[in-house]
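Here is a friendly walk through a protein–DNA model, written for someone who would like to know which residues to look at on screen. Have the viewer open as you read.

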There are 2 protein chains.
Amino acid sequence: MDDRTAIEALSALAQEHRLRTFRMLVKEGPSGLPAGEIAARIEIAPSALSFHLSHLERAGLLRAWRVKRHVYYAVEVEGMRKLLAFLTEDCCRGRPELCGELTGWAADDARER
Amino acid sequence: MDDRTAIEALSALAQEHRLRTFRMLVKEGPSGLPAGEIAARIEIAPSALSFHLSHLERAGLLRAWRVKRHVYYAVEVEGMRKLLAFLTEDCCRGRPELCGELTGWAADDARER
DNA sequence: GACATATTTCAATTTTTCTTGAATTATTGA
DNA sequence: TCAATAATTCAAGAAAAATTGAAATATGTC
């Protein structure tokens with residue numbers, strides 16, 4: 001992932017309404033939510049939400065599909081995974097001890113499964 | 001970490017000059033670099049750099065200390081770790097398989113040590 | 001103390017991002 | 001086809017972020 005792409009993803013998450021939207025969609029899982037439902041829950045105008053959703057989609061963090069009149073949005077896991085990989089490689093590679101606790105729970109997690 | 005703090009850290013990294021500065025300082029390690037050296041390397045005005053460094057420091061991603069006439073900056077590992085924890089918990093908790101590769105290398109890493 | 005160096009602060013300007021409300025597009029069901 | 005619903009697009013304005021250059025602060029050296 002190059003810097004430009006990383007900045008697109010980071011700035012997509014670095015905004016109140018978009019971060020809340022993203023977190024909400026992580027909780028919803030792959031079935032996602034229609035735009036109108038998201039707008040109602042976070043209480044912003046539909047047109048404002050459209051603007052934010054398109055930023056998140058352009059950044060590769062959401063995907064969208066139409067069902068009847070509704071456009072559903074859900075987390076694009078691969079995009080988030082790439083962003084996390086970019087950040088962890090920058091932070092930890094060469095000095096993995098520096099992200100100890102993070103590595104810790106990931107390892108715990110792997111052990112549990 | 002609350003949303004407000006996460007947004008501060010994400011927006012700190014979501015800018016060309018700040019991301020380059022941060023990546024440069026990750027490579028430098030704990031000894032860090034003086035502000036003037038950073039400004040020279042990324043080729044921006046010292047006053048512009050000051051603005052960006054203070055954003056990164058306020059976000060908890062850098063720390064600063066003075067040595068003679070120079071002010072050194074280095075990565076604040078704990079801040080980066082907290083940001084990564086926030087993002088991975090949001091992305092993976094409840095569905096850890098979704099960040100498989102990330103978990104993968106972290107686990108490998110733990111095994112190697 | 002006087003001067004040089006390193007950095008930050010400040011005010012002004014420019015640029016970018018976000019919101020608003022109206023208009024438009026797309027889809028469905030009567 | 002017509003009306004209703006869901007969402008997006010667009011243009012205008014407001015708000016926030018970034019850059020600039022000058023001035024101020026801090027430190028070290030002679």
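The report below covers confidence, then each DNA strand, and then some contacts within the protein.

**How far to trust the model**

Please keep in mind that this is a predicted model. Chain A has a mean pLDDT of 86, with 81% of its residues at 70 or more. Within chain A, helix α4(A) has the highest mean pLDDT of the elements, 98, while helix α6 (residues 100-112) has the lowest, 41. The pLDDT is below 50 over residues 103-113 of chain A, a stretch that has 16 contacts in the model beyond near neighbours in sequence. Where pLDDT is low, the predicted coordinates should not be read in detail.

**Around DNA strand C**

Which residues come nearest to DNA strand C? Of the 20 residues around this strand, they are His52(A), Arg69(A), Gly36(B), Ser50(B) and Tyr73(B). Sugar or phosphate accounts for 68% of the atoms of DNA strand C within 4 Å of the protein, and bases make up the rest.

Two side chains of chain A reach phosphate oxygens of DNA strand C through a polar atom: Arg18(A) at 3.0 Å and His52(A) at 2.4 Å. For Arg69(A), a polar side-chain atom lies 2.4 Å from a base oxygen of the strand. The elements giving two or more residues to this surface are α2 (16-28) and α4 (46-58) of chain A, along with α3 (35-42), α4 (46-58) and β3 (70-75) of chain B. Helix α4(A) gives the most, with 4 residues. Sorted by class, the surface near DNA strand C has 7 nonpolar, 8 polar and 5 charged residues.

**Around DNA strand D**

DNA strand D is surrounded by 20 residues, and the closest are Gly36(A), Ser47(A), Ser50(A), Tyr73(A) and His52(B). Here 67% of the strand's atoms within 4 Å of the protein belong to sugar or phosphate, the rest to bases.

The table lists polar contacts to this strand.

| Residue | Protein atom | Atom of DNA strand D | Distance |
|---|---|---|---|
| Ala35(A) | backbone N or O | phosphate oxygen | 3.2 Å |
| His52(B) | side-chain N or O | phosphate oxygen | 2.4 Å |
| Lys68(B) | backbone N or O | sugar or linking oxygen | 3.4 Å |

Two or more residues of the surface near DNA strand D come from each of α3 (35-42), α4 and β3 of chain A and α2 and α4 of chain B. The largest share, 4 residues, is from α4(B). By class, this surface has 7 nonpolar, 8 polar and 5 charged residues.

**Inside the protein**

In chain A, strands β2 (residues 62-67) and β3 (residues 70-75) run antiparallel and are joined by 6 bridges. Across this pair, Ala64(A) stands opposite Tyr73(A) of β3(A), and Tyr73(A) is also one of the residues closest to DNA strand D. The two strands form a hairpin with 2 residues between them, where Lys68(A) in the turn has a positive phi of about 55°.

Side chains of opposite charge can pair when their charged atoms come close. Over all chains, the structure holds 12 salt bridges. One of them links Arg23(B) and Asp3(A), whose closest N and O atoms are 3.3 Å apart. Arg23(B) sits in helix α2 (residues 16-28) of chain B and Asp3(A) in helix α1 (residues 3-13) of chain A, so this pair joins two chains.

Technical notes
Residues numbered from 1 in each chain as written. Chains lettered and ligands numbered in written order. Predicted model: local features only at pLDDT ≥ 70, side-chain atom pairs only at ≥ 80, totals over all residues. Heavy atoms only, no water. Near = heavy atom within 4 Å. Polar contact = N/O pair within 3.5 Å; in protein donor to acceptor, adjacent residues only side chain to side chain. Nonpolar A, V, L, I, M, F, W, Y, C, P; charged D, E, K, R; others polar. pLDDT = per-residue confidence, 0-100. Contact = heavy atoms within 4.5 Å. Pairing = 2+ DSSP bridges. Salt bridge = Lys/Arg side-chain N within 4 Å of Asp/Glu carboxyl O.
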